[in-house]
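User: I would like a close look at a single part of this structure, followed outwards into its surroundings. Please explain it in connected prose for someone who is new to the subject.

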Amino acid sequence: MDWVREFYSVTGRWWAEADAKVADRDRRRVTLLREHGGSSGRVLELGSGYGATAVALAQAGYEVTAVEISDRIDHFSGSDADVAPGSVTVHKANFYEVCLPGQFDIVCYWNGFGVGSDADQRRLLARIECDWLRPGGAALIDVANPFVWAGWDGDEELLPADPDAGYDYELVQRIHFDPITCTAIDTWWEPSSPDKAVTQFLRCYTPADLTLLLSGTGLTLTGIVAGAQVLPPSPHPSLDALLRDRHEYLAIIRRTADI
């Protein structure tokens, strides 16, 4: 996983002007956390990026601990957190290694699960269960959806700069999908510097795959949020949200027991 810090730091520089501030996406995440995790308590946000969602959660009254390995967190504005009803504590660290005090009522990981191998995901889930999440607590995890990523295989797109919206860089994105490992390979570069492309590798999981990944732990998949739909993890043939529309879904996972 040597690519992780570089990918998120480089792309973080490209998009900081637009994304390093609280926006509708962050407020939507607050709503999801209230609905599926609870209206108060201690929250651990893994892979917190610029810290905008952490600030939005603090403004909603949560006590937030944010962990981010890349330079994106350098854009975090403490002044936003200072005026919030809750609090934000930031750790620029590897969440496989960081030591955090106490347990949390909610653990969230937005738009990042799937970095590394199945063994890496199990190692992270073990940390969530054993080190961080209190019994009865909830984990909200965005999971890359293989059905949609597979449909994007071979796509390449030139994304023009949009300075008015805070996107100052013209960029090219190319997507490949490995059907053997079920991995999305997502590459970005500036047209003037194709030799400096950066790539992320995201292991994708169907809900059935995720359930197998959780097997043998004290964590249980209890629900799926796909767009506006909230579903139990049971059969739903021809569900457009997962087959065609959503490149990720939100897994609602609970720590159901100590084992």
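Analyst: Leaving out residues up to four places away in sequence, Arg-255 touches Gln-103, Glu-129, Leu-133, Arg-134, Pro-135, Gly-136, Gly-137, Gly-218 and Leu-219. The model in which these contacts appear is a predicted one. Arg-255 belongs to strand S12. Its place in the structure is a covered one: Arg-255 counts as buried, because its relative accessible area is 9% and the limit for a buried residue is under 20%.

Two of the residues touched by Arg-255 also offer backbone oxygens to its side chain. The backbone oxygen of Leu-133 lies 2.5 Å from a polar atom of the Arg-255 side chain. The backbone oxygen of Glu-129 is reached by the side chain of Arg-255 at 3.4 Å.

To place this residue, one may turn to the sheet that contains its strand. The sheet is open and has 8 strands in the order S3-S2-S1-S4-S5-S12-S10-S11, with mixed pairing. Strand S3 (87–92) and strand S11 (229–231) are its edges, each pairing on one side only. On average, neighbouring strands are turned by 20° against each other, if direction is ignored. Within the sheet, strand S1 (residues 42–46) and strand S2 (residues 63–68) run parallel and are joined by 5 bridges. One such pair is formed by Arg-42 and its bridge partner in S2, Glu-63.

A helix also packs on this sheet. Helix H7 (residues 207–214) touches strand S4 (104–113), strand S5 (133–144), strand S10 (219–226) and strand S12 (248–255), and its direction makes about 160° with that of S10. Two of the strands touched by H7, S4 and S5, run parallel and are joined by 6 bridges. In S5, Val-143 stands opposite Phe-113. Strand S5 is largely enclosed by the rest of the structure, since 9 of its 12 residues are buried.

The side chains can be followed further through Leu-210. Not counting neighbours within four places in sequence, Leu-210 is in contact with Phe-113, Val-143, Tyr-205, Leu-221, Tyr-249, Ala-251 and Ile-253. Leu-210 is also one of the four residues that touch the most other members of the largest nonpolar core, along with Phe-113, Ile-128 and Trp-132; this core has 56 residues. Helix H1 (residues 3–19) gives the most to the core, with 8 residues. At least three residues of the core come from each of domain 1 (2–144 + 204–255) and domain 2 (148–201). Another core, of 20 residues, lies apart from the largest one and includes Val-64, Ala-66, Trp-110 and Val-225.

A mostly covered helix offers a further example of burial. In helix H3 (residues 52–59), 7 of the 8 residues are buried. The buried residues are Ala-52, Thr-53, Ala-54, Val-55, Ala-56, Leu-57 and Ala-58. Gly-61 follows H3 and has a positive phi, near 105°.

A further group of strands deserves attention. Strand S6 (residues 156–159) pairs with strand S7 (residues 171–178) in the antiparallel sense over 4 bridges, and Gln-173 in S7 is the bridge partner of Glu-157. S7 is also joined to strand S8 (residues 183–189), again in an antiparallel manner, by 7 bridges. Here Thr-187 in S8 stands opposite Arg-174. The hairpin of S7 and S8 has 4 residues between the strands, and Cys-182 has a positive phi near 55° there.

Why does a positive phi deserve mention? Most residues other than glycine have a negative phi. Cys-182 is a residue other than glycine with a positive value, and so is Ser-238, with phi near 60°. Cys-182 lies in the loop between S7 and S8, whereas Ser-238 lies in the loop between S11 and H8. Cys-182 is buried, with a relative accessible area of 16%; Ser-238, at 61% relative accessibility, counts as exposed.

The helix after that loop supplies a contrast with the starting residue. Arg-244 is part of helix H8 (residues 240–245). Arg-244 is exposed, with a relative accessible area of 53%, whereas Arg-255 is buried at 9%. The side chain of Arg-244 makes a polar contact of 2.3 Å with that of Asp-240.

Conventions:
Residues numbered from 1 in each chain as written. Predicted model: local features only at pLDDT ≥ 70, side-chain atom pairs only at ≥ 80, totals over all residues. Heavy atoms only, no water. Pairing = 2+ DSSP bridges. Axes fitted to C-alpha atoms, helices over the stretch in contact; angles between N-to-C directions. Contact = heavy atoms within 4.5 Å. Core = buried A, V, L, I, M, F, W, Y, C linked by side-chain atoms within 4.5 Å. Buried < 20%, exposed > 50% of the residue type's maximum accessible area, 1.4 Å probe, protein only. Domains from an automatic or database assignment. Polar contact = N/O pair within 3.5 Å; in protein donor to acceptor, adjacent residues only side chain to side chain.
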